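Student: Please take a close look at a single part of what is shown below, and work outward from there. State the cut-offs as you go.

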Number of protein chains: 2
Amino acid sequence: MNILVTNDDGIDSPGIYALAMELRTIGTVYVVAPDRQQSAVGHSLTVSSPLRATPFNREGELFGYAVTGTPADCVKLGISTLLDVQPDLLVSGINHGANTSINILYSGTVSAATEGMMMGIPSMAVSLNTFSYQADCRPAAKYATRIAQQMKDFSLPPGTLLNVNVPAIAEEKIRGIRITKQGTGMWHDTYERRRDPMGREYFWLAGTYHPSATEQDTDDAALFDEYVTVTPIRFQLTDHSMIERLRESCKS
Amino acid sequence: MNILVTNDDGIDSPGIYALAMELRTIGTVYVVAPDRQQSAVGHSLTVSSPLRATPFNREGELFGYAVTGTPADCVKLGISTLLDVQPDLLVSGINHGANTSINILYSGTVSAATEGMMMGIPSMAVSLNTFSYQADCRPAAKYATRIAQQMKDFSLPPGTLLNVNVPAIAEEKIRGIRITKQGTGMWHDTYERRRDPMGREYFWLAGTYHPSATEQDTDDAALFDEYVTVTPIRFQLTDHSMIERLRESCKS
């Protein structure tokens with residue numbers, strides 16, 4: 001099995017290293033990842049400037065290609081140009097920080113998996129529920145590998161990918177896997193209004209996240225309960241329930 | 001009616017000017033837009049650096065705030081911090097280039113409307129089916145204004161926004177409005193492999209878009225037929241059809 005691995009924390013992050021090492025136990029791993037941290041880039045593509053891809057070493061051996069672009073750029077460039085094999089599977093992560101509820105929209109980690117899915121590759125995103133770079137990523141890497149092995153059995157339809165979140169606790173404390181739906185948690189946004197050394201005003205985003213506490217079967221709820229969550233997601237965005245109503249409104 | 005206007009082509013683009021001028025006939029318009037062109041930024045947020053907002057003049061009068069960020073940044077910063085009124089409506093555009101099918105995912109124009117919707121504001125994105133900055137944006141501005149006037153009648157549910165695309169033809173040739181679904185058109189990606197003056201290799205994205213020619217009732221098809229398309233979209237991403245199947249697979 002040929003596995004393409006990417007992320008949005010950058011090719012030098014602990015998460016992608018733990019993931020790539022563990023996935024090597026089940027296949028040949030190709031890493032194509034951003035050369036630096038790409039937070040909240042969403043599904044950005046680099047169209048107005050060129051990309052560069054540079055071989056990147058870790059632990060004294062070639063680890064993969066570092067790309068001067070976004071996670072979605074890495075997937076497009078990797079599959080179309082850099083790799084001489086077609087991947088059987090794409091795994092994006094391990095992200096430092098959960099990607100649940102509305103965060104899926106802002107997530108570079110998920111967008112890389114979305115790009116892979118759009119290019120016809122079975123794809124999954126994997127995130128760890130902590131922003132700490134000191135966290136142990138190996139339990140998440142093991143779960144990701146276990147789910148990766150099952151991807152064929154799942155026979156995901158074209159257009160659907162898996163979004164996996166892992167609690168940041170010791171492996172033996174993880175209570176198992178839950179199949180979940182996307183929660184409805186939201187951010188309450190504030191901007192801190194500051195002044196620079198020249199006295200000029202600037203703004204810095206400082207939101208707080210409010211998970212949907214009451215909903216059942218959501219990614220947020222199951223992650224809080226210390227389960228690994230697996231959410232099948234797809235980007236078919238039409239609100240079919242509104243189509244007839246809008247047609248009526250436009251007639252009148 | 002207080003109307004927040006933003007875009008992703010930048011506050012100096014012809015599209016946002018035509019839109020703001022026309023919307024002034026039905027309400028008070030507040031412009032908060034990126035200070036420069038933001039192509040294919042998707043739903044990016046600026047979290048690792050601060051934002052600045054500067055008053056921006058056009059035709060000798062204050063036009064709005066130019067922000068050093070993405071379309072989604074402009075909406076968050078505008079609604080939470082810059083404006084002293086809560087907008088009744090958000091209109092993002094007029095984008096130069098259609099946002100149909102999969103392009104909705106890459107679109108900064110749509111992501112601004114998505115951000116507005118998430119903040120509880122009735123929101124729409126408007127795009128013109130040409131990349132030419134010389135195109136006449138007034139027909140699109142008039143249709144956008146007409147649809148904006150009807151937004152209350154539509155009573156969109158929370159979580160749903162409108163994605164509008166306008167053919168780049170003379171107003172009298174436009175055949176009317178069609179309520180459509182998101183098409184399944186795709187990009188076939190290639191990267192041009194080039195060498196810089198130092199002899200080092202770089203890559204530049206050069207894809208071609210393939211609209212879904214055969215589908216009925218899609219944004220791509222109706223736009224091709226010279227209709228203004230209105231697609232209700234929402235970002236509820238769970239693939240519910242897969243949940244039971246995954247639960248069965250994970251048991252075995």
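Tutor: B:Asp189 is partly exposed, because 19 other C-beta atoms lie within 10 Å of its own; 20 or more would make a residue buried, 12 or fewer exposed, and partly exposed is in between, with C-beta atoms placed from the backbone. This is a predicted model, in which local features need pLDDT of at least 70 and side-chain atom pairs count only at pLDDT 80 or more, while totals for chains, interfaces and linings use all residues. Residues are numbered from 1 along each chain as its sequence is written, and chains are lettered from A and ligands numbered from 1 in the order in which they are written.

B:Asp189 sits in the loop between strand 9 (186–188) and strand 10 (191–195) of chain B. Strands (E, at least two residues) and helices (H or I, at least four) are DSSP runs, numbered from the N terminus. Apart from neighbours within four places in sequence, B:Asp189 is in contact with B:Leu205 and B:Gly207, and also with A:Lys76 and A:Ser80; contact requires C-beta atoms, placed from the backbone, within 7 Å. From the C-alpha atom of B:Asp189 to that of B:Ser249, 60 residues apart along the chain, the separation is 34 Å.

The contact between the chains takes 57 residues from chain B and 57 residues from chain A. Among the elements giving two or more residues to the chain B side are helix 2 (71–82), helix 5 (138–154) and strand 11 (201–205) of chain B. Helix 7 of chain B gives the most, six residues. By class, that side has 32 nonpolar, 17 polar and eight charged residues; Ala, Val, Leu, Ile, Met, Phe, Trp, Tyr, Cys and Pro count as nonpolar, Asp, Glu, Lys and Arg as charged, and the others, Gly among them, as polar.

In chain A, nine strands form an open sheet of mixed pairing, in the order 3-4-2-1-5-6-7-13-8; two strands pair if DSSP finds at least two bridges between them. The edge strands, each pairing on one side only, are strand 3 (53–58) and strand 8 (177–179) of chain A. Strand 3 of chain A pairs with strand 4 (residues 61–67) of chain A in the antiparallel sense over six bridges, and A:Arg58 stands opposite A:Glu61. Helix 7 (residues 240–251) of chain B packs on this sheet, touching strand 7 (160–166), strand 8 and strand 13 (228–234) of chain A, and its direction makes about 155° with that of strand 8 of chain A. Axes are lines fitted to C-alpha atoms, for helices over the stretch in contact, and angles run from 0 to 180 degrees between N-to-C directions.

Terms used. Two residues are in contact if their C-beta atoms, placed from the backbone, lie within 7 Å.
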